[in-house]
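Q: Can we go through this structure together? I'd like to start with the overall layout and then look at some local details.
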Amino acid sequence: MKQDIYDVIIIGGGPAGMYAAFYSGMREMKTKLIEAKHELGGFMRTYPEKLVWDVGGIEPIRCEAIIHSLIKQASTFDPVIVFGQEVVGMEKRDDGIFILTANTGEKHYTKTIILATGRGITSIQKLTVEGADRYELNNLHYTVTSLDRFKDKAVLISGGGDSAVDWAIEIANIAKAVYVVHRRDDFSAFEASVTRMKAVATAYVPYIVSRLHGNKNKIHHVTLQHVDSREELDVEVDEVLVNHGYERNFGGAILEWGLSCEEYGVSVTPNMCTSMPGIFGAGDIVTNEGKIRLIAGAFNDAVLAVNSAKLYIDPTESKMAGVSSHNERFADKNEALRQKDKAEG
Ligand SMILES: Cc1cc2nc3c(=O)[nH]c(=O)nc-3n(C[C@H](O)[C@H](O)[C@H](O)COP(=O)(O)OP(=O)(O)OC[C@H]3O[C@@H](n4cnc5c(N)ncnc54)[C@H](O)[C@@H]3O)c2cc1C
């Protein structure tokens, strides 16, 4: 079977991987991106409705809108994007080509690799109450995709971290009532936020959600149980939001490839080179002295990693791509955009 060999395969479709896919296109590299999930966005998918303020040059904007822009930008040079495959295995042939193996058994061939796997593949900690899954298509939520959903409703939030507390405060602005259920007496969120939350919501501590009661697929009331006394009480609800955090398989099988690692990630040089020639890293997976675990930090890492990959393939290449404002690679695209602007008046 013909082996399609890429200049670079990017593993992970979060902000680091998406931006790397764009920038490798600017560097005219034949690019493939492999994402374990069936959508791009990475960890940003866990806070789509949150307003993000700290990405340079972007006004406060819903995270989902940034994901949307990143996906569009990543597609600029038509990289191949593979969904639903977790990369697990790696070997290097004598001719220097890497063979990556996915959990599906599929093999991918490349001259260089950029690890952009973040803190791993995220899975939501679900409510461990019998039959909970049947309400997921209706009024049991694990992420907030639209705040409007909670307008004038009685909303029960289960969880005691920043996310649960922040959502309680935000949802209380529009909801009829907000109840927060937490299994411990203390919340693990900013003190000021907890004080504010307690002023706008009813907190049940230490309680757990013990049963959900509904008609068809809609919960209409929830039984709460006191952690110590086991005393129970019922709360009528319209919507239930569970914020019990996430499990993330940091590194997964990649940590067995023999790369140098530290406690917080795969060690990289300032130019994002790992300890294995030809393998580079970007985003939350990597660690070095200046590492910034932010979306903006992921972008910067991605540029450095792509440039290093380009130079690894051909050391005579320039150290970075030409700036986009003066780059021939965009000439046709710029013209198409000008024509579009003109046509739209
Ligand atoms: C609660 C919270 C709020 C935040 N808010 C902000 C904020 O306001 N502003 C900001 O700048 N930053 C924020 N951050 C940080 C930001 O989300 C991360 O820095 C960023 O998502 C890291 O991007 P990444 O691409 O490195 O990794 P991720 O976003 O984690 O993406 C990694 C991707 O790789 C995939 N993957 C993992 N392993 C494999 C594999 N073996 N094979 C294939 N695919 C794989 C995963 O499925 C995932 O899609 C926040 C973080 C948290 C926890």
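**Domains and local details**

A: 6 residues of domain 1 are in contact with 8 residues of domain 2. Bear in mind that this is a predicted model.

Q: Where do the domains run along the chain?
A: Domain 1 is made of 5-122 + 247-340, and domain 2 covers 126-244.

Q: How many Å apart are their C-alpha centres?
A: The C-alpha centres of domain 1 and domain 2 lie 36 Å apart.

Q: And what area do the two domains bury between them?
A: About 490 Å², with 55% of that on carbon and sulfur atoms. On the domain 1 side, Pro48, Glu49 and Lys50 supply 84% of the area buried against domain 2, more than any other three residues.

Q: How many salt bridges cross that interface?
A: The rule finds 1 salt bridge between domain 1 and domain 2. A salt bridge joins the side chains of lysine 50 and aspartate 166, at 4.0 Å from N to O. Lys50 is also one of the three residues that supply 84% of the area domain 1 buries there.

Q: How many residue pairs are in polar contact across the interface?
A: The count is 0 for pairs with both residues at pLDDT 80 or more. The residues on the side of domain 1 that touches domain 2 divide into 1 nonpolar, 1 polar and 4 charged.

Q: Switching to the whole model, how many salt bridges does the rule count?
A: The count comes to 15. One of them pairs lysine 30 with aspartate 4, their closest N and O atoms being 2.7 Å apart. That pair links distant parts of the chain, 26 residues apart: lysine 30 is in the loop between helix H1 (15-26) and strand S2 (31-35), while aspartate 4 is in the segment before strand S1 (5-11).

Q: Backbone next. Which residues does the cis peptide bond join?
A: Valine 205 and proline 206, with omega at about -15°. Proline 206 sits in the loop between strand S13 (202-204) and strand S14 (207-215).

Q: What about aspartate 152, is its phi positive or negative?
A: Positive, near 60°, in a residue other than glycine. Aspartate 152 is in the loop between strand S10 (140-141) and strand S11 (154-158).

Q: Last one: what does UniProt list for residues 6-300?
A: An unreviewed UniProt entry lists that span as "domain: FAD/NAD(P)-binding". In the model, residues 6-300 are 17% helix and 33% strand, and the end C-alpha atoms of the span lie 23 Å apart.

Key: Residues are numbered from 1 along each chain as its sequence is written. This is a predicted model: local features need pLDDT of at least 70, side-chain atom pairs count only at pLDDT 80 or more; totals for chains, interfaces and linings use all residues. Side-chain values use heavy atoms; hydrogens and water are left out. Domain bounds come from an automatic or database domain assignment. Contact means heavy atoms within 4.5 Å. Buried area is the accessible area (1.4 Å probe) that two parts lose on being put together, summed over both. A polar contact is a pair of N or O atoms within 3.5 Å; within protein, one must be able to donate a hydrogen and the other to accept it, and residues adjacent in sequence count only if both atoms are side-chain atoms. Ala, Val, Leu, Ile, Met, Phe, Trp, Tyr, Cys and Pro count as nonpolar, Asp, Glu, Lys and Arg as charged, and the others, Gly among them, as polar. UniProt positions are given in the numbering used here, feature names are shortened, and annotations may be inferred rather than shown by experiment. Helices (H or I, at least four residues) and strands (E, at least two) are DSSP runs, numbered from the N terminus.
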